[in-house]
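Reader: I would like a close look at one part of this structure. Please take me through it strand by strand, and explain the terms as you go.

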Amino acid sequence: MFQYAAGAGSQSSSILGLVGPFVLMFIVFYFLLIRPQQKKTKTRNSMLKALKKGDKVVTIGGLHGTIMEISDDIVVLRVNDVTKLTFDRGSISHSVATTEADSKQ
């Protein structure tokens, strides 16, 4: 009976030895991959919500323009004096910060 009890104890530590590395890998993946991606997505969504008429933006395709009209999911960009293009709101890559030096040139 003593041999059975000793064998059962080593079996449970063996299971912890197998599960431990998987838990450690999950923790590493969470802090190196999952958490930064969630933070980036949250930042992008807040940027898309903060867009307003007159902002200068760049689309995912690299097109620069100024927002003329904006709704929940559609953005109309003015590319030059005449051309207006319609895009999905999610196709905006980032907003270009305008400075006073840019407006004086």
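Author: Start with the hairpin that E2 and E3 form, which has three residues between its strands. Strands here are DSSP runs of E with at least two residues, numbered from the N terminus. This is a predicted model: local features need pLDDT of at least 70, side-chain atom pairs count only at pLDDT 80 or more, and totals for chains, interfaces and linings use all residues. Residues are numbered from 1 along each chain as its sequence is written, while side-chain values use heavy atoms and leave out hydrogens and water.

E3 covers residues 74-78. E2 and E3 are antiparallel, with four bridges between them. Two strands count as paired if DSSP finds at least two bridges between them. Look at Glu 69: its bridge partner in E3 is Val 76. Strands of a sheet pair through backbone hydrogen bonds, either parallel or antiparallel.

Now go past E3. E3 and E4 form a hairpin too, with five residues between them. Five bridges link E3 and E4 in the antiparallel sense. Leu 77 has Leu 85 of E4 as its bridge partner. E4 spans residues 84-88 and contains Lys 84.

Next, turn to the other side of E2. E2 spans residues 64-70, and three bridges join it to E1, residues 56-59. E1 and E2 run antiparallel. Val 57 is matched by Gly 65 in E2. Lys 56 is matched by Thr 66 in E2. This pair also makes a hairpin, with four residues between the strands, and Gly 62 there takes a positive phi near 95°.

E1 has another antiparallel neighbour, E5, joined to it by four bridges. One of these places Thr 59 opposite Ile 92 of E5.

Now assemble the whole. The five strands make an open sheet in the order E4-E3-E2-E1-E5, with antiparallel pairing. E4 and E5 (92-96) are the edge strands, since each pairs on one side only. From one strand to the next, the twist averages 45°. Angles run from 0 to 180 degrees between the N-to-C directions of axes, which are lines fitted to C-alpha atoms, for helices over the stretch in contact.

In a regular strand the side chains alternate between the two faces of the sheet.
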